[in-house]
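User: I am new to this structure. Please take me through its interior, with a close look at how the nonpolar core is put together.

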Amino acid sequence: MLSLPAWKCPEWTFNASQVNTSSPEFTEEWQKRLRELQGGIMVASCFQMLVGFSGLIGYLLRFIGPLTIAPTISLVTLPLFNSVGDNAGAHWGIAAITIFFILLFSQYLKNVAVPVPSYGRRKCHTSKFHVFQVFPVLLALCIAWVLCFVLTVTDTLPSAPTAYGYLARTDTKVHVLSQAPWFRFPYPGQWGYPTISLAGVFGIIAGLISSMVESIGDYYACARLVGAPPPPKHAINRGIGIEGLGSLLAGAWGTGNGTTSYSENIGALGITRVGSRVVIVTSGCVLLLMGLFGKIGAAFATIPTPVIGGMFLVMFGVITAVGISNLQYANMNSSRNLFVFGFSLYCGLAIPNWVNKNPERLRTGIHQLDQITQVLLTTSMFVGGFLGFLLDNTIPGSLEERGLMAWNQIHEAEETTEVLEIYGLPCGIGTRSCSTSCTQSLPFWPRLECGRKGKVDVSQLTLCSQDSSGKYLDGATETRM
């Protein structure tokens, strides 16, 4: 939305060295953009909550198959190859070291247990812990970060801003750390009253539609990576609705973005092999605390650019592979399916690229319509996902050929005991002792009428290593949640 001509930055802000960032004029320039984003996000998030909590997204699942989800998820990261390459290319040596350690820890040393001190039964002892399997990205990032710090202190890396390798220094953003406050409490409306425009709302809705399709694919990909059964419709309805609620809160607090299940996190899950919801909740609490202490967030901003580029090269590759892996349900020997996927994927790259270079070719004279059209056609996920959805549901093909047969079988067997244990509500909510006939009719409420035995109060999921044939290895490390 901010790429529209109306929101282009004024020329006097182009030279950062000549801009007084504390001046009222500059402050108003960025705050009015945030207020526009706030209004669009808050209104559009109400639409997402309606789609999720009403059960509409669950109804549309019968039309959304692998040939819609695969290009949508793949196009989350494929258009970013240019920026990722630029980040890694700031110093290919540092980026290569980051990639090497991520691969070493996540692939080669993932089954190596390291003895660590622990305390139990009133005495100290050592126990085996798969530290490389749990923290491969964090360990690699810290090693590369420390290496860049050493090279910076010893002046091995160039100090001239125009020299190659300068962005690998850890002191290029040291001003961010010095200027950040120690403590700051964010609050709703901190940038002023949100502003609402038709183009802004429709632009955010376009992004939300793409993110909802992506989220559906993420739910299935997440379940597949951790060995859980596919999510039932009520869990998908609830997930989309909660994402809308999160976007509403994010818009009210003025973060400038909504919330969604980002495929990058699915890539991290595939690398770390940690799928515990307790870990996610704990991480969320840590992030809440970090948001209150400005110095901590500013410290992460000093991570060198090539380190981030190397990390993204690995993670974005995993995300793309996760998107393409959805095609395993469809018959890819079919020329129909090859056409639908290939055409959707390629158009999702080509059309946004052309529109960005030729925005004047789409001008109709109606300002709001021009803005909406440009936002939609420059969103790769929307273009690829829409074409995949349209072609998959209009070109003749059997349900088995399209992969919907496997999709339907998933939904028919969704309300098993195992599924209800994993996708039930926390703290016993939704069990027979905490449920009524009214709540059972809600589209996002777990169903209990399928001969359920036991209570939905404990969720356990086992992650086991697999061999190339997909069979679980004996003695494989388990992570329970």
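Analyst: Here is a walk through the core, followed by a pocket that shares some of the helices. Keep in mind that this is a predicted model.

Start with the largest nonpolar core. It holds 34 residues. Those with the most contacts inside it are Ile57, Ile216, Ile236, Ile240, Val307, Met311 and Phe316. Several helices each supply at least two of its residues: α3 (66–77), α5 (92–108), α6 (131–134), α7 (136–153), α9 (198–226), α10 (233–253) and α14 (305–325). The most comes from α14, which gives seven residues.

Met311 is a good place to zoom in. Leave aside its neighbours within four places in sequence. Met311 is then in contact with Thr98, Ile102, Val137 and Leu141.

A separate core lies apart from this one. It has nine residues, including Leu37, Ile41, Ile204 and Ile205.

Now turn to the second largest pocket. About 1,200 Å³ of space lies in it. Its lining counts 33 residues. Nearest the centre are Gly207, Thr378, Thr379, Ser380 and Met381. By class, the lining has 15 nonpolar, 17 polar and one charged residues.

Which helices build this lining? At least two residues each come from α1 (24–53), α3, α9, α15 (335–357), α16 (367–377) and α17 (380–394). The largest share is that of α9, with six residues. Both α3 and α9 also supply at least two residues each to the largest nonpolar core.

Note on methods:
Residues are numbered from 1 along each chain as its sequence is written. This is a predicted model: local features need pLDDT of at least 70, side-chain atom pairs count only at pLDDT 80 or more; totals for chains, interfaces and linings use all residues. Side-chain values use heavy atoms; hydrogens and water are left out. A nonpolar core is a set of buried Ala, Val, Leu, Ile, Met, Phe, Trp, Tyr and Cys residues joined through side-chain atoms within 4.5 Å. Buried means under 20% relative accessible area, exposed over 50%, partly exposed in between (1.4 Å probe, protein chains only). Helices (H or I, at least four residues) and strands (E, at least two) are DSSP runs, numbered from the N terminus. Contact means heavy atoms within 4.5 Å. On a 1 Å grid over the protein atoms alone, a cavity is a set of points where a 1.4 Å probe fits but cannot get out, and a pocket is an open set with protein on both sides within 12 Å along at least five of seven lines; lining residues have an atom within 4 Å of a point. Grid points are joined across faces, edges and corners, and a volume is the space filled by probe spheres set on the points. Ala, Val, Leu, Ile, Met, Phe, Trp, Tyr, Cys and Pro count as nonpolar, Asp, Glu, Lys and Arg as charged, and the others, Gly among them, as polar.
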